[in-house]
Every structure is written in structure tokens, then in C-alpha cells.
Amino acid sequence: MEEPSLTSDQSPQVEHSGIHKDGNEDARISELDGHHGRKEFVAPAVGMEFESYEDAYNYYNCYAKEVGFRVRVKNSWFKRNSREKYGAVLCCSSQGFKRIKDVNRLRKDTRTGCPAMIRMRLMDSQRWRVLEVSLEHNHLLGSKIYKSMKKMNGGAKRKIQLSSDAEDRTINLYRALVIDAGGSVATDASAKKVRIIPDHRNHLNLKKGDSQAIYNYLCRMQLTNPNFYYSMDLNDDGRLRNMIWVDARSRAACAFFGDVICFDNSYLSNKYEIPLVAFVGINHHGQSVLLGCGLLAGETTESYTWLFRAWLSCMSGRSPQTIITDRCRHLQAAITEVLPKSQHRFGLSYIMKKVPEKLGGLRNYDAIKKAFNKAVYETLKVIEFDSAWGFMIQRFGIGDHEWLRSLFEDRGQWAPVYLKDTFFAGMSAMGRGEKLNPFFDKYVHKQTPLKEFLDKYELALQKKHKEEASADIESRNSSPTLKTRCSFELQLSKVFTREIFTKFQFEVEEMYSCFSTTQFQVDGPLVIFLVKERIVSEGNRREIREYEVLYNRTAGEVRCICSCFNFYGYLCRHALCVLNFNGVEEIPSRYVLSRWKKDYKRLYVPDHETDIVDGSERVRWFNQLYKSALQVVEEGVISLDHYKAALQAFEESLSRVHETVREEKHE
């Protein structure tokens, strides 16, 4: 480990690009007094993060300029070998006292021992985080103080001269939330408002009162939500363009259920009053769980790229295995850049929802829709899908239809027959009639204003949390009724949550509609079985369908052509028939996913070694302890007895930690 060295530092200038806030912060959004023209900036707070040291210095310098004091660098820490700066203390220029030998000098003494300062450090995420703050001054503050300057080389001085635009952007950063839709800020009571035609793709179209609503919400969350995170993106005029926020529960949920996510931009793309986007996962009960929210100025690659980067940073850099979105070239470009390791798929339900709009004007629409559905839902192999699609195009003479043409080109990202190697954890909506419901369904309508949404947001989350807690209690305290004598049913009834087991139980029951299981092809330990099933197709027609199931006797692997396991996370009736045919009495552990188990959230320890951005051990410890404590809190509010037990557990744990500390001191 490199030893640090202590040295003084000069004061650089920089272009400031944005602000990130994370954790317990006493953040104050800027407010303007129309009569006096007084500007109050966001005060420094523990947990503020900046992209670079220069960003942090420039912010504190601009804050100081408006408050009325000058800044100097008290200390800087560098790694001994690389000379890379990793820590600094910025303080008021009145900090400390004049040395004894300088007392008789004629220059006016401005040192008063002022305690105002910020201490910051470079984190493993390569962002600078504020670790300590003192806001109090023990001297009068000037109304305007010129910018702090120190000795620096010519290049740095030229940078200062060229950085006025950067400083303006920095100042505007903290004014962002007070600029309403008109685009003007009144710094004088008699100032005239200038009508500006806004480019809403470059900034949020905030209505009167929206700024205050956002401010109130963020302040409330930071006071009541210890691990709350938000980040803002501002344009060159300092106006709010995009923002993201993730509460503590969502951050914890992502560690458990961040393997498959759905990015819902339907409110934005359908031009709702509120340009809302949401990251949604699915929990161990099959319920939707919120993993983050955002407001975007428009559907642009730049906005989506910023949003995904901010969300990924908040989630410790762990990319989802699969991300499901609407079909959008801007989203596709952003995900390719920010989440290259994730499998990006288009939600089938989004595409099917657009069929009436895109094809409704065609002659023979009903017949075309029927052929379209047949190709999508009733084909099991790629060659069958391509053939059915080609037949539809040729029969109805719609080869020049642009939407169908582009849809076929993208079939590898939405057609079920092409996605059998993609894990969806139940968010696939691959069955006829299945769909992905918006997380805020019934809470947000076309004309819902932002202020109303922020109130409904908390109500929606409370309802979802209550539903999850109720499902947890039901799964742990009751045993489902078995409907067959199948050993598979008994096995999973003991481990799966009630909702997921009910879905699996249906597959066990439907084994009895599969009346024939025969070997079709043998290649050493690999055997392909044909399973025949009686099904009821469209129009209540009864027919027999054959499903190919690959079975590896040696490895205990089983895979059905219907791909139920990858789509829904549990084995299908056809695979179960093959296991049963081969005398297997217990489903192999690889097909009993931990994410569906009753005790999953209590026993699961996230893998922090994969794609971690912030590798600090203390950060990892904090995150894991926080998630573990949150589970106790969630169950502790169920009843008075739960509360007393949880409180006692916390007190006992704290006592044990204190005891460990005492033992370490005596060693």
C-alpha cells in the first residue's frame, strides 16, 4: 500500500458538469428572494460526490463566492509513488491564526481561526466524496468576494480566464430547481419576464410549483431515507434536463432482484404530463419491484445514456443479466454503450400492444392479426416462425409495410423462438394475453401533474411493500395444499414462495395432459425425447402437439423446446415428464432457483466481486449490513411483538459489537 504524503496545493479551475447526492445530506436547493435578489446555494453536505477534484473545488469556490468568503486549500494528500491526489481539505481563508513572527507586518490580519471547511477523498469509484463538513464561520461574511486565486503557472491562469462559462454553469447548477417553465429567473421584484419558446428536449418542462415539489420531496427523503440517492443532469443554461432518484428499498432490492429488469418509458413515449421512466424488477413472489425512477426531457440517446450511467453507478456497477425495453433506437444505442454485457430484449407485450395501431388500417386486418399471432405464439422453431411470417406477408400482399419489415429485421430481439437462451425470470410475457403492467398503473394518468405524482409515488411504494410483507408472512406461515402425489410438487412446496409454487403446481397438474413420452434420438448420454400433449388452441380446437426435450443423463440436465425455464424460472410439464420417465424423483438443484425461495432475502449474500465500481471494503460492509438490517426493519413493523423482538435484536447486536471493540483494544 502506498504511503501518503502531505503537501500544500494550488487552486485549479474546472468546468462543472453535474451533481450527485447519496446518503444522509442536508441539501438545500437554491432559493431566490425576488425583493433583495439574495441567492442561497446548496450548502456542502456529507455524501456529495463529484466527477473530479476540480469539480469539487470549483463548486466550493462558487458557493463561497456567493456566501461571501474566500477559499484556500489547507491540505492535500498524494500517493507517494504515483503522486496521484486522493484527499484534500478546503477551508475558509480566515482559517487558522497569523504566525507570531508575522504579527508586526503591516498587512491586515484576516485570520480568525474560522472553522468552515470541507474534507473530501477520492473513492474507488474514481469520484470525489465529501466526508466532513463545517458550515459555521466566526467572522462577518462579505456580500461579494472575488474568486480565490493562488500562485499558478501561465497555463492555469489562462484556464481561469477561459472558465467563466464553466463558473456560470456551476452557479446555474444550484439554481436549476427554481427555474420554471418560462425559463426566466426574477432577481428583482420589478424584473420583466421574457417569453421564451422552450426546447423541451433540452430541459424538463416544469410547471409552476414543480420545482418546490421536487425540492420538498428530496429533502423529505434525505431526512427519512438513510440510503437515498439522486442525481441531476443540467444543460448549458443550468436548467434541469434529466434526473434520477433511487430510495433505500430500491437499492437493496436491486441486489436481490437486479438480474432481470424492465425499463418502462411508456409515460415518456406516450407524452404523459409527467415524463416518467422506471426501472422495474420482479421479486421472489413474482411481484413487480421498483429499482429506480427518473424524469427525462426527451427520448434522446444522450438522455438515456446519462440515465443508465447514473443508475449503474448507484447500483455499484452491477449490470443486469437481461434488460427488457420498448423497441426504440435511442434506447438501443444507450444500452449498447452503457450495458454491453446485458442481453437487451424488446418486450413482446409492448409490440403486441401496437398491432391494432400499426395494422388496424389494413384490409383483412382480422385475418392478418390472426396470422401474426399464430407466427408469434404457436411456432416452436425458428424455421417455423420464418415460414409462417413469410406466408402471412405473401398471402396478404403486405411486403412493403414498413413496420412489419423492420419488425422482422429485429425478430432476434423479440420473437419467442429466437429468445430461448435468454433468462427472463417471469418478465417475458411470452404467452398469449400476458403483458407487463406499468409499476405505477392506476396511480399515473395522462394528465397527472408532477406534484400529485410525488405524493402518489410514496403511496404506491407503501402498497407494494405491504403486499410483499403479506406474501412473506403467508409463504412462511402456511403450507400449500398438494393436488397430486408427484414428488416434484412436494419438493418445491417446501421451498418456493406461495405464488411461485402455485404457478409450478399448475405445470405438475398439466403433466397428466401429456400422454406419451418416447425416445426420439440418442447420442451417447444425450437423448432427445418427444412428449405429446393434448392442447386447446384458438377457437377451442383440440389438437395434439409434440415437444422435443433434450435430456443429459450424466449431467442431469433437461431442456424443453418451449423454454419455460428460461422464460418463467421453473421447469415445464414436458421436462417434468422426461425426468419422471427416467426415474428421477427430485428436481436437480440447478432448476430450483434461489430467487424464488421463501427465505431468499434472508440468506442471500450478493456477489460483490462482479463488475464492482466502488471496491472499498468499508462500502461493501456498509451495503451488506444495511441490506441485512433493512430485512429486520421490514419484519419488525408487522406487529408489536415483531417490533419488540427486532428492537431487542438490534440492542443485543450493538452490545456484541461494542464488546468486540473492547476485546480488540486489550489485545
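Which residue of S14 is the bridge partner of Met 243? In this predicted model, that partner is Leu 295, and the strand to which Leu 295 belongs is the subject of the opening view.

**View 1. Strand S14 and the two strands that pair with it.** Strand S14 covers residues 288-296, and because 8 of its 9 residues are buried, this strand is largely enclosed by the rest of the structure. Strand S11 (residues 240-246) runs antiparallel to S14 and is joined to it by 4 bridges, with Met 243 set against Leu 295 as bridge partners. Strand S13 (residues 276-282) also pairs with S14 in the antiparallel sense, here over 7 bridges, and Ile 282 has Ser 288 of S14 as its bridge partner.

**View 2. The hairpin of S13 and S14.** Between the two strands of this hairpin lie 5 residues, and Gly 286 takes a positive phi near 80°.

**View 3. Trp 311 in helix H7.** Helix H7 spans residues 301-314 and contains Trp 311, which counts as buried because its relative accessibility is 0%, where buried means under 20%. Although Arg 251 and Trp 311 are 60 residues apart along the chain, a distance of 9.9 Å separates their C-alpha atoms.

**View 4. The parallel strands S15 and S16 and the helix that links them.** Strand S15 (residues 322-325) and strand S16 (residues 343-346) run parallel and are joined by 4 bridges, with Gln 343 in S16 serving as the bridge partner of Thr 322. From S15 the chain passes through helix H8 (residues 329-338) before it reaches S16, and the resulting β-α-β crossover is right-handed.

**View 5. Helix H14, residues 450-477.** The end C-alpha atoms of this helix of 28 residues are 40 Å apart, which agrees with the span of 40 Å that should follow from 1.5 Å a residue. The buried residues of H14 include the nonpolar side chains Leu 450, Phe 453, Leu 454 and Leu 461, and also among the buried residues are Tyr 457, Glu 468, Asp 472 and Ser 475.

**View 6. A nonpolar surface patch that includes Val 637.** Val 632, Val 633, Val 637 and Phe 650 together make a nonpolar patch of about 320 Å² on the surface. Val 637 is placed in the loop between helix H20 (617-636) and helix H21 (640-666), and this residue counts as exposed because its relative accessibility is 63%, the cut-off being over 50%.

Notes. Residues are numbered from 1 along each chain as its sequence is written. This is a predicted model: local features need pLDDT of at least 70, side-chain atom pairs count only at pLDDT 80 or more; totals for chains, interfaces and linings use all residues. Side-chain values use heavy atoms; hydrogens and water are left out. Patches are made of residues with over 30% relative accessible area and no salt bridge: like charges are joined within 9 Å, nonpolar side chains (Val, Leu, Ile, Met, Phe, Trp, Tyr) within 5 Å. Accessible areas come from the Shrake-Rupley method with a 1.4 Å probe; for residues, only the protein chains shown count as cover. A salt bridge is a side-chain nitrogen of Lys or Arg within 4 Å of a carboxyl oxygen of Asp or Glu. Buried means under 20% relative accessible area, exposed over 50%, partly exposed in between (1.4 Å probe, protein chains only). Two strands pair if DSSP finds at least two bridges between them. A crossover is right-handed if, with the strands pointing away from the viewer, the path from the first strand over the helix to the second runs clockwise. The expected span of a helix is 1.5 Å times one less than its number of residues.
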